[in-house]
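Thanks for asking me to look this over with you. Here are my notes, in numbered points, to read alongside the model.

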Amino acid sequence: MTNAYKIAVLPGDAIGPEIMAQAIRVFGILEAKRDVSFELITAPFGAHAYFEEGKAFPDSTKAICDDADAILKGPVGLSHEESKKIPVEEQPERGAILPLRARYNTFANFRPIYLSPEMTHFSPLKQEIIKDGIDILLIRELVGGLYFGKKERGINEEGQRYVHELLEYTEEQIRQVLIVAFEQARQRKKKLHNIHKSNVLMSSVFWNEVLDEVHTEYQDVEVVHLLVDAAATALCLNPGQFDVMVMENMFGDILSDQGGGILGSLGLMPSACIGPEKAYYEPSHGSAPDIAGQNIANPYSMIGSVAMMLEMSFNMKEESAMVWQAMKSVFEAGFSTADLSKSNEDIQLVSTDEFGDKVMAKLEELL
Ligand code: NAD
């Protein structure tokens with residue numbers, strides 16, 4: 001019997017539609033080569049949804065996402081100046097992304113920071129530091145902490161404007177993401193870096209207490225504790241020490257972008273946002289308004305998000321591995337998108353569409 005999946009496709013803003021157009025080609029190729037069918041339903045989400053419908057996450061889009069087996073989301077957002085045209089509460093992060101995460105309780109954000117041995121020339125790190133490539137799985141808690149805590153602005157008794165923004169976690173929120181991280185560590189190198197700031201933050205003291213409790217069930221996994229500031233340095237000086245890393249929401253937001261930096265571009269950063277019943281997949285980066293409309297964005301992060309969906313939502317592990325292989329083979333053959341090619345004259349520049357063409361041709365060959 002044919003497996004049939006329904007996917008909500010949210011192309012997003014700026015480069016979102018450009019990289020999404022390449023990523024969804026994977027589904028057509030799989031349908032032609034495998035006994036599987038995909039129904040793709042496109043819906044507005046982000047700044048363009050606000051301008052078209054008055055809401056960054058319209059009710060019609062919510063219904064499409066509710067009904068889908070999985071959600072494929074492009075990056076959303078505008079430049080700093082342009083975003084001022086949208087009321088604060090409807091700006092894409094607050095009005096669309098955080099509500100999407102809350103709606104499906106996508107508490108575990110998988111952000112692979114990966115560079116194959118053949119792609120190490122893309123990294124700004126020296127060869128003796130990067131050695132045989134980078135292979136880190138960063139797991140970020142995605143529905144708690146500062147981003148979801150109570151917020152308040154006002155004027156205090158001295159007449160000063162003030163802001164309160166609470167960092168809130170329940171023990172269950174922490175436990176559930178730690179279990180995911182320990183499970184991943186168990187399947188990989190049995191080493192888990194716990195990133196925290198317990199020398200200052202009470203929330204980290206609490207996080208570490210819960211970690212110790214969960215660790216009793218995973219005695220085969222070695223835990224290494226590292227303060228988040230030290231982790232930022234270590235990611236540059238010795239990324240090879242890391243395998244699985246786990247951390248709270250804001251630390252993960254920042255360190256995972258640093259992950260993109262050590263790879264050479266945020267365009268190499270796909271991600272999966274996993275909840276108990278539904279998952280959505282998105283590049284880790286934003287909508288890159290500075291390069292939108294030029295056909296130069298790197299679609300690896302978006303195509304990689306499809307690869308993660310195939311593996312994690314549809315259990316199509318072999319096909320997922322082939323998508324990764326197809327993308328690597330294009331880079332390994334000496335082609336590169338503009339974001340990665342700055343310093344290497346041997347590299348042949350390709351546009352967003354041309355990268356997509358080459359990846360799809362290779363995927364057809366592999367399948
Ligand atoms: P950004 O991630 O969009 O861009 C940072 C830099 O990386 C830019 O120079 C950009 O050109 C480059 N870049 C990012 N993705 C690329 C790709 N695929 N190919 C080539 N180059 C790429 O960050 P920003 O400029 O700070 O934010 C732009 C907008 O995106 C803002 O409105 C922000 O709020 C939003 N944003 C959205 C998400 C999301 O949708 N999950 C995440 C982060 C930021």
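1. A word on terms before we start: a cavity is a set of grid points where a 1.4 Å probe fits but cannot get out, and its volume is the space filled by probe spheres set on those points. Please keep in mind that this is a predicted model.

2. With that in hand, the enclosed space is quickly told. The structure holds 1 cavity of 30 Å³ or more, and the largest cavity contains about 60 Å³ of space. Its lining is made up of Leu-167, Tyr-169, Ile-195, His-196, Ser-203, Ser-204, Trp-207, Glu-248 and Phe-251. Two elements, β8 (191-196) and α9 (202-215), each give two or more residues to this lining. The top contributor is α9, with 3 residues. By character, the lining of the largest cavity divides into 5 nonpolar residues, 3 polar and 1 charged.

3. Now for the open space. The largest pocket has a volume of about 850 Å³. Of the 31 residues that line the pocket, Glu-93, Arg-94, Ile-97, Tyr-147 and Asp-253 lie nearest its centre. The elements α6 (92-103), β6 (151-155) and α11 (249-263) each supply two or more lining residues. The largest share, 6 residues, comes from α6. In this pocket, the lining splits into 12 nonpolar, 7 polar and 12 charged residues.

4. Stepping back to the whole fold, you will find 14 helices and 14 strands. The radius of gyration is 21 Å, close to the 21 Å that the globule rule gives for 367 residues, so the protein is as compact as a globular protein of that length. Along the principal axes, the C-alpha trace spans about 65 × 50 × 50 Å.

5. How much of the protein is buried? Of the 367 residues, 53% are buried. Among contacts with a separation of 6 or more, 75% are between residues 24 or more positions apart. The accessible surface comes to about 16300 Å², and carbon and sulfur atoms account for 51% of that surface.

6. One loop residue you may like to find on your screen is Gly-240, between α10 (228-237) and β10 (244-247). Is Gly-240 buried or exposed? The cut-off for exposed is over 50% relative accessible area; Gly-240 has 61% relative accessibility, so this residue counts as exposed. Its partner to look for is Ile-134: the two residues are 106 residues apart along the chain, yet their C-alpha atoms are separated by 6.5 Å.

Definitions and conventions: Residues numbered from 1 in each chain as written. Predicted model: local features only at pLDDT ≥ 70, side-chain atom pairs only at ≥ 80, totals over all residues. Heavy atoms only, no water. 1 Å grid on protein atoms, 1.4 Å probe; cavity = no way out; pocket = protein on both sides within 12 Å on 5 of 7 lines; lining within 4 Å. Helix = DSSP H or I, 4+ residues; strand = E, 2+ residues; numbered from the N terminus. Nonpolar A, V, L, I, M, F, W, Y, C, P; charged D, E, K, R; others polar. Rg over C-alpha atoms; globule rule 2.2 N^0.38 Å. Buried < 20%, exposed > 50% of the residue type's maximum accessible area, 1.4 Å probe, protein only. Contact = heavy atoms within 4.5 Å. Areas by Shrake-Rupley, 256 points an atom, 1.4 Å probe, with all protein chains shown as cover.
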